[in-house]
Structures are given as C-alpha cells and as structure tokens.
Amino acid sequence: MASKIKVIEKNEGKKIEWEQSGTRLYFGDDELMLNAAKYQKDWPVSVDVCKDRAGNLTIGMLLQRRAAALRPTAG
C-alpha cells in the first residue's frame, strides 16, 4: 500500500487531532493508532473515528449506532 492516505472530513466542526506516519494514523495524544494498510481492500473503505460518552477515542461508533437503531424490540 502506498503511504498516501486520503482523509475525508464528513462533517463540520471540531476535529480530532491526527498525524500520519507511513500508513499509520495517530489520533489524539497517541490515544488511538490506526494502520490503514490493515483496512486496504479492492474498494473504497471508510473508518469513522469518534469519541464515546466517556471521552475515549474509538472506531466504528456510527456502525454501532446504526445497528442499535435496526435492532428489533421484543414485543
């Protein structure tokens, strides 16, 4: 994988600080590291980096919210 990574900011407002080193992206104050080479596919890949309710950096929160919204209720 090339060292060039395309980062697209999908919303407005304050962003999580990040730095790139090769295929690795470091978020926050070295709180979270993402090796983009591990996510390489033959199609475009999106990875969302968010803060959870406790203020911790995490990935995949949008998918979790969508899954929770689609979960059927007992009834």
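## Strands E2 and E3

Let's start in the middle of the sheet pairing. Strand E3 covers residues 32-35 and runs antiparallel to E2, with four bridges joining the two. This is a predicted model, so every position described here comes from a computed structure. Across this pairing, Phe27 stands opposite Leu32 in E3.

The hairpin that links E2 and E3 has four residues between the strands, and Gly28 in this hairpin takes a positive phi near 65 degrees. Asp30 also lies in the loop between E2 and E3. Although Asp30 is not a glycine, its phi is positive too, at about 60 degrees. Is Asp30 buried or exposed? With a relative accessible area of 62%, Asp30 is exposed, because anything over 50% counts as exposed.

## Strands E1 and E2

Now look at the other partner of E2. Strand E1 takes in residues 18-21, and E1 pairs with E2 in the antiparallel sense over four bridges. Here Trp18 is the residue that stands opposite Phe27 in E2. Phe27 therefore has a facing residue in each pairing: Trp18 and, in E3, Leu32.

Two residues sit between the strands in the hairpin of E1 and E2, where Gly22 takes a positive phi near 65 degrees. Thr23 is found in the loop between E1 and E2 as well. Thr23 has a relative accessible area of 18%, so it is buried, the cut-off being under 20%. The side chain of Thr23 also makes a polar contact with the side chain of Asn35, at 2.9 Å.

## Two faces of E2, and the core

Which side chains of E2 are buried? Follow residues 24-27 and you will see the side chains alternate. Leu25 and Phe27 point to one face and are buried, while Arg24 and Tyr26 point to the other face and are not.

Leu25 and Phe27 turn up again in the largest nonpolar core, which has seven residues. The other members are Ile5, Leu32, Leu34, Ala36 and Leu57. E2 and E3 each supply at least two residues of this core. A general tendency is worth remembering here: in soluble globular proteins, nonpolar side chains tend to be buried together.

## A nonpolar patch outside

Some nonpolar residues are on the surface. Tyr39, Trp43, Val45, Val47 and Ile59 form a nonpolar patch there, and together they have about 420 Å² of accessible area. One of them, Trp43, is found in the loop between E3 and strand E4, which spans 49-51. Trp43 has a relative accessible area of 54%, so it counts as exposed.

## Before E1

The segment before E1 offers two residues to find. Ile8 is found in this segment, and so is Glu9. Are they buried or exposed? Ile8 counts as exposed at 56% relative accessibility, and Glu9 counts as exposed at 51%.

Each can be paired with a residue from a later part of the chain. Ile8 and Ser46 are 38 residues apart along the chain, with their C-alpha atoms separated by 9.1 Å. Glu9 and Asp48 are 39 residues apart along the chain, and 9.7 Å separates their C-alpha atoms.

## The whole protein

Finally, step back and view the complete chain. How many helices and strands does the protein have? There is one helix, along with five strands. Reading from the N terminus on, the order of elements is β-β-β-β-β-α. The protein has 75 residues, and 19% of them count as buried.

Note on methods
Residues numbered from 1 in each chain as written. Predicted model: local features only at pLDDT ≥ 70, side-chain atom pairs only at ≥ 80, totals over all residues. Heavy atoms only, no water. Buried < 20%, exposed > 50% of the residue type's maximum accessible area, 1.4 Å probe, protein only. Pairing = 2+ DSSP bridges. Polar contact = N/O pair within 3.5 Å; in protein donor to acceptor, adjacent residues only side chain to side chain. Patch = residues over 30% accessible without salt bridge, like charges linked within 9 Å, V, L, I, M, F, W, Y side chains within 5 Å. Areas by Shrake-Rupley, 256 points an atom, 1.4 Å probe, with all protein chains shown as cover. Salt bridge = Lys/Arg side-chain N within 4 Å of Asp/Glu carboxyl O. Core = buried A, V, L, I, M, F, W, Y, C linked by side-chain atoms within 4.5 Å.
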